[in-house]
Amino acid sequence: MSDEMILTSVTDRVALITLNRPKALNALNDQLMNELGAALLKFDADDQISCMVITGSEKAFAAGADIGGMANFSFNDVYQGDYITKNWETIRRIRKPVIAAVSGFALGGGCELAMMCDFIIAADNAKFGQPEIKLGILPGAGGTQRLPKAVSKSKAMDMCLTARMMDAQEAERAGLVSRVVPAERLMEEAMGAAKTIAEMSLPIVMMVKESINASYESSLSEGIRFERRMFHAAFATEDQKEGMKAFLEKRPAKFKHQ
Ligand code: CAA
């Protein structure tokens with residue numbers, strides 16, 4: 001299926017969303033973010049889908065918010081109108097896992113979009129950065145909040161204050177990305193990871209995502225309590241019965257996603 005600025009396809013309970021403004025290095029404008037948000041919501045509501053992958057082109061995952069589109073904005077435009085990033089929050093409402101498959105540049109809003117995903121698989125040519133300071137602005141879609149949690153305060157300060165880029169190897173060492181793979185194997189690896197997730201029980205997958213995300217918003221004691229309630233809830237699913245029975249019968253589990 002094709003919107004103007006994204007392409008989508010579905011295989012094996014996995015939805016692939018490709019950002020499709022390659023000439024502008026996938027600069028993120030309102031239309032692209034609206035189409036992305038609508039696709040994510042549609043796949044999240046589809047019980048035939050378990051996992052989503054967002055990717056860009058070989059040269060750029062996304063080189064940031066569209067600079068041309070915001071160059072002449074006033075404070076009133078962006079504050080009262082809540083322009084530029086108001087439609088970026090949709091991805092936070094998605095309850096199924098979303099993987100970012102990053103090749104090339106992931107800069108500014110592109111790095112922030114990758115960090116909004118649940119994990120990042122990077123090609124060995126990936127470059128991450130928050131260069132907004134060179135434009136006389138600062139990150140506006142979570143860069144100053146998610147980056148220090150991902151890579152430490154020191155590296156986040158370094159990247160946001162000097163605008164330097166981090167290559168894929170440094171990003172993996174720092175914990176920003178979960179795996180680095182040769183560029184030509186990026187999609188195979190990302191789709192493979194998504195397919196592996198899609199073979200698990202969907203309600204349990206969603207509980208894992210919700211529990212890990214709870215660790216960002218709560219004290220350790222609250223988080224542990226939340227996890228325990230989710231763990232107890234898992235025993236209400238048919239898939240828990242099937243998963244444990246299959247183990248005891250020494251066969252692969254066949255989950256029904258309920
Ligand atoms: N917005 C709009 N257009 C962009 C863009 C962006 N963020 N990034 C690249 N483009 C466009 C370029 O203008 C160029 O268009 P034309 O061919 O029409 O001139 C095209 O994409 C190709 O880019 P370059 O010729 O610059 O390619 P390059 O290989 O020489 O450089 C780059 C690549 C280093 C990524 C460079 O394009 C660049 O620095 N881009 C801007 C990165 C940036 O500052 N991002 C932060 C944006 S602000 C933001 O994201 C705010 C926020 O937190 C929400």
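Ala163 sits in the loop that links helix H6 (153-162) to strand S9. In this predicted model, the phi of Ala163 is near 70 degrees, a positive value for a residue that is not a glycine. Another residue with this feature is Asp12: it is not a glycine either, yet its phi is positive, at about 50 degrees. Asp12 belongs to the loop between S1 and strand S2 (14-19). That loop is part of a hairpin, with two residues between strands S1 and S2, and this is where Asp12 takes its positive phi near 50 degrees. The two strands of the hairpin, S1 and S2, run antiparallel and are joined by six bridges. One of the pairs on the way is Val10 with Ala15, the latter being the bridge partner in S2.

The hairpin leads straight into a wider picture. S1 and S2 open the order of a six-stranded open sheet, which reads S1-S2-S3-S5-S7-S10 and has mixed pairing. At its edges stand strand S1 (6-11) and strand S10 (179-181); each has a single partner strand, so one side of each is left without a neighbour in the sheet. Going from one strand to the next, the twist averages 20 degrees. Further along the order, strand S5 (residues 98-102) and strand S7 (residues 119-123) run parallel, with four bridges between them. Here Ala101 can be picked out, since its bridge partner in S7 is Ile121. As for side chains, a regular strand has them alternating between the two faces of the sheet.

There is also an open sheet of four strands, again with mixed pairing, in the order S4-S6-S8-S9. Its edge strands are strand S4 (60-62) and strand S9 (166-167), and each of them pairs on one side only. Strand S9 has already come up, as it follows the loop that holds Ala163. At the other edge, S4 pairs with S6 in the parallel sense, over two bridges. In one of these pairings, Ala62 has Ala106 of S6 as its bridge partner. Helix H4 packs on this sheet, touching S4, S6 and strand S8 (127-129), and the direction of H4 makes about 95 degrees with that of S6.

S6 and H4 turn up once more around the ligand. Helix H2 (67-70), strand S6 (105-107) and helix H4 (109-116) each supply at least two residues of the shell around it. In total, 22 residues surround the ligand, and the closest are Lys59, Ala65, Gly109, Glu112 and Glu132. By type, the shell splits into 12 nonpolar residues, five polar ones and five charged ones.

Which atoms lie close to the ligand's nitrogen and oxygen atoms? On the backbone side, a polar atom of Ala63 is 2.9 Å from a nitrogen atom of the ligand. Ile67 offers a backbone N or O atom that also lies 2.9 Å from a ligand nitrogen. With Glu132 the side chain is involved: one of its N or O atoms is 2.7 Å from an oxygen atom of the ligand. Taken alone, the ligand would expose 990 Å², and the protein buries 61% of that.

Conventions: Residues are numbered from 1 along each chain as its sequence is written. This is a predicted model: local features need pLDDT of at least 70, side-chain atom pairs count only at pLDDT 80 or more; totals for chains, interfaces and linings use all residues. Side-chain values use heavy atoms; hydrogens and water are left out. A residue is near a molecule or strand if one of its heavy atoms lies within 4 Å of it. A polar contact is a pair of N or O atoms within 3.5 Å; within protein, one must be able to donate a hydrogen and the other to accept it, and residues adjacent in sequence count only if both atoms are side-chain atoms. Accessible areas come from the Shrake-Rupley method with a 1.4 Å probe; for residues, only the protein chains shown count as cover. Ala, Val, Leu, Ile, Met, Phe, Trp, Tyr, Cys and Pro count as nonpolar, Asp, Glu, Lys and Arg as charged, and the others, Gly among them, as polar. Two strands pair if DSSP finds at least two bridges between them. Contact means heavy atoms within 4.5 Å. Axes are lines fitted to C-alpha atoms, for helices over the stretch in contact, and angles run from 0 to 180 degrees between N-to-C directions.
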